[in-house]
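This briefing goes through one protein model, topic by topic. Please have the sequence and the structure open while reading.

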Amino acid sequence: MMRMFNIFLMLIFLLLVVTYGDKTEYIIEVNADKQGVQISPILYGLFFEDINYAADGGIYANLIQNGSFEFSNKFTDNKFYAWEKLFSKDSQGTVSIESSDPLNKNNLNYLHIHVDNPGVDGLGVENKGFDGMFFIQDDEYYFSMFSRAKNFKGTVRILLVNENEEVLDSRDLQISSENWEKYEVTLVPSKTTEKGMLVIKVMGPGDLYIDMVSLFPRNAWKGILRNDLVKFLKDFKPGFLRFPGGCIVEGDSIGNMYRWKNTIGKPEERKLTYNLWYSQRYPYYHQSFGLGFFEYFLLSEYLGAEPVPVLNAGMTCQARGATYIPLSKLNEFVQDALDLVEFANGSPQTVWGSKRREMGHPEPFNLKMISIGNEQWGAPYFERYPYFHLALKNKFSDLKLIGCVGPAPDDENYLNAMDWLRRLSPSERPDIIDEHIYKSPAWFYQNIHRYDNYDRNMPKVFIGELAAHDYSRLNSLRSALAEASYLTAIEENSDIVKMVSYAPLFGKFGYTQWQPNFIWFTNSLAYGSVNYYVWRLFSQNLGDYTVYSHLFKRDGEIFDFSGYIGLGSLGNTFFKDFSLLDSKGGIIYKDLFTNLNNWKILSGKFSVNKGILNSSNVEEPSLIYLKTKSLKGKYSINFKVMFKNFNDKFIIYNFLKDSKNYVAWYIDSNYAYAKLTYDGVDYQLTPFYRTNLRSNEWYNVKMVVEGNRMKLYIKNSDFLSKDEPDFVIEVNPKLGPIYLTTSIDKETSDLIIKVVNPSSEEVNCLIKLEGLKYIHPKALVSWINGSPRDENNIANPQKLIPNSKLIDVSKEFNYRFIPYSVTIIRIRTKPTDFPKPTVFSIRSSKNYLKVGDTLRLIVEAGLMSDGTNIDMSSALVYFEVDQKDTAEFIYDPVTGLYDILLLKKAPKDNRLKIWGKVSINGFEIVSNILELIVE
């Protein structure tokens, strides 16, 4: 009997486990057989603008500031800025800026050092660069300058010094020619310092003239760009690179307009100008154009990214009080565009193609698209764009043109631009429009349906600048989660959204005019924001096409397409002759508004008079609904409406559950748009559509509902059977708590599931997979998570970076999406394991060092189990020592790793063991062990 009782208790326990132990809250259904849209292969890209000292002082690796002595703008005329005069004991002479006999017509100013007596240690100048120069012990630095002499006897000494004026290396130059010539020398610092300086000393009497001074790390990318910043771009795996701006393209005056022809050719012949983002706080912000259009094309080629140059449209920055080039003189700018295509793609025998060849690149860059203007709007732009379109399309018919629709996604400038596009014939329109979106995190959730009902007959969309601006404009995890949620919807709408990029790309600490930024840096450090790492996860896991996925609550749909029909207004609006019809046109209900017995008011005031229903709420929308049974499936409504004033709106409610849950159309004289309200939060379902309705005139309105699809007709006469709907929308709610998209990578056949959980709660999902013939038992999960206000910063630059692990999966499996997280699940559909690292070896730049010295650790080899090299863009690499208190690893701008070992004190037995670790695909291995001798 006791045994039977125990069995009974066990059965009860098992029942409770089955009933209450499964805490699955949501179900994700995925069907790989149901293909969605083709995903643009260049969907995720990068946008470079010289803002926040992104170029000079940033990715452009020249450590010298103001090497051509040309600094001048309305805030300063200090052409000697960033330089200091140096006089040694008993030295006599002068240091001045002159322009009577310049290097060339574009570089008019130069330095003149006149020496009467060089004294004990010469007379000269020093340059601190951008608040100091970061020198790494034993690395090579390439110095060059143009110089000429007059009655000069002696040598010119080039020195690298630290903040204590200690000489780290020096070289002597012999200069005697009276003509401008280029002089070069390589220096190797004996110590590492973050506050280095370059010194030029004239060691004999006479006159020396100097211009175009530069100092580059020898290991800079192509000799000109900072390696680690280029690596950040390469690791992103961008589909495109948009350059050089941004507002900088427009300029704040005609002389400040960005003209690409001024940025090519020999660096010393490029015409410097002040940077648009200068100010009283940053009066010395200039553009040397050492990073010019040729270098942008080279960089695009290296990144495997489509180049997307932005050209001036014959107008300066409208946000700064525009100046417009007269249409009669616009041809110069149109010709610039034509010549740019020839420079990028033309035969080396053409005028501009030959210039590309002379710069060392005879092969074409394969330019496919050009953007005409940046953030331009209104009639001045609408007048100028056709000149570019006609000329470029006539000569280069396959070239894709990108047009502007203003600086915001929903203001009057944007709406006017969309009206302009609709007035143009398809052959007159740009192929792509450039939208810019800087909004709060909440906006991205509430507008996540923006492209679901975008007119597919309009130009494709390029979101050239996008960022969620959180409190204090931080690069917070909260902002990254909002962007990631939005990106899931962009992938689902990649048939219309072809490209998207974050903005701005770079921000230098102490030199910023804008934040947040994708990548932050100093002279000696760089790190990605959490936004960068989240976007990088999306870019590195880009599928070829989407497949069906749907999120359910455990007990059904999150938003059910059933409910009541209602009417309302925001303003003074009148309704009459209302009827509700079934799918075959049969009348379910008809109301001539003699009373409101069959209606219920949820908000506002309504009255009836002589068969007319009136609502005149002006503070908030009114709502009255028909108390028939809840509607679902196919039905339609008809009524007549009139609004009294120009700005009055009438509202049609559908799928109404209560005052906080419904879908509604809002229509007035100018616009129509639809919103879904869920738990009191509004989600915009459509763009703003133009209506051009008149007040004080009756209109016939018909809304046809077919499940989640709605067709809206508005007409000031009777409807005909041939009438086409004015607006058609399909409602596919994305309401959280998680946001997802699924796709297939054709190269690997992997199923990619991207899930964003911006909520504070763990979301436990049952994931059901259909349409897959094979499911590998192990899936690779990559994720980022933290607290909403968390960010990467100088103190903790890698606080929020991707993690990875392998998990067990099957046709149905559970996964818990942790709070505030972005998760990528890659599921293999072939019997091939995810490769793991098998070989990781390192070496050091030298085998001995002294206390205070540094050396570099070098990754010599890294192999995966499938024979491929370790993908360092996805791997986490770090180094360790056996005696942690003796050394630290500092950041290396050459590699982007913390691979520079600084010996702080002598280890025991004067020997130090070092090894590296690499983590990728959920596996970690240790390298060989190095033993260093301390002298």
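Helix 6 is followed by Gly-360, a residue with a positive phi, near 105°. The model is a predicted one. The points below start at this helix, then turn to the barrel, the aromatic pairs and the charges over rings.

**Helix 6**

- Helix 6 covers residues 351-358, and its buried residues include Trp-352, Gly-353, Ser-354 and Arg-356.
- Helix 4 (293-303) and helix 5 (331-345) are among the elements that cover the buried residues of helix 6.

**Barrel**

- Eight strands form a closed barrel in the order 2-14-17-18-19-20-21-22, and their pairing is parallel.
- From one strand to the next, the twist averages 25°.
- One of the pairings in the barrel is that of strand 20 (residues 432-439) with strand 21 (residues 460-468): the two run parallel and are joined by eight bridges.
- Ile-437 has Leu-466 in strand 21 as its bridge partner.

**Aromatic pairs**

- The structure contains 74 aromatic pairs.
- One of them is formed by Trp-443 and Tyr-486, with ring centres 5.9 Å apart and ring planes at 50°. The pair counts as tilted because the angle of 50° is neither under 30 degrees, as in stacked pairs, nor over 60, as in edge-to-face pairs.
- This pair links distant parts of the chain: Trp-443 belongs to helix 9 (residues 441-446) and Tyr-486 to helix 10 (residues 477-492), with the two positions 43 residues apart in numbering.
- Both Trp-443 and Tyr-486 are buried.
- In the pair of Tyr-502 and Trp-535, the ring centres are 5.8 Å apart and the planes stand at 85°, so this pair is edge-to-face.
- Tyr-502 lies in strand 22 (residues 497-502) and Trp-535 in helix 11 (residues 530-540); the two are 33 residues apart, and their pair also links distant parts of the chain.
- Strand 22, which holds Tyr-502, is one of the eight strands of the barrel.
- Tyr-502 and Trp-535 are both buried.

**Charges over rings**

- Lys-234 has its charged end over the ring of Tyr-302, at 4.5 Å from the ring centre.
- Tyr-302 falls within the residue range of helix 4 (293-303), one of the helices covering the buried residues of helix 6.
- The ring of Phe-47 has the charged end of Arg-242 over it, 4.3 Å from the centre of the ring.

Key
Residues are numbered from 1 along each chain as its sequence is written. This is a predicted model: local features need pLDDT of at least 70, side-chain atom pairs count only at pLDDT 80 or more; totals for chains, interfaces and linings use all residues. Side-chain values use heavy atoms; hydrogens and water are left out. Two strands pair if DSSP finds at least two bridges between them. Helices (H or I, at least four residues) and strands (E, at least two) are DSSP runs, numbered from the N terminus. Axes are lines fitted to C-alpha atoms, for helices over the stretch in contact, and angles run from 0 to 180 degrees between N-to-C directions. Rings of Phe, Tyr and Trp (its six-membered ring) pair if their centres lie within 6.5 Å; planes under 30 degrees apart count as stacked, over 60 as edge-to-face and the rest as tilted. Buried means under 20% relative accessible area, exposed over 50%, partly exposed in between (1.4 Å probe, protein chains only). A charge sits over a ring if NZ of Lys or CZ of Arg is within 6 Å of the ring centre and within 35 degrees of the ring normal. Contact means heavy atoms within 4.5 Å.
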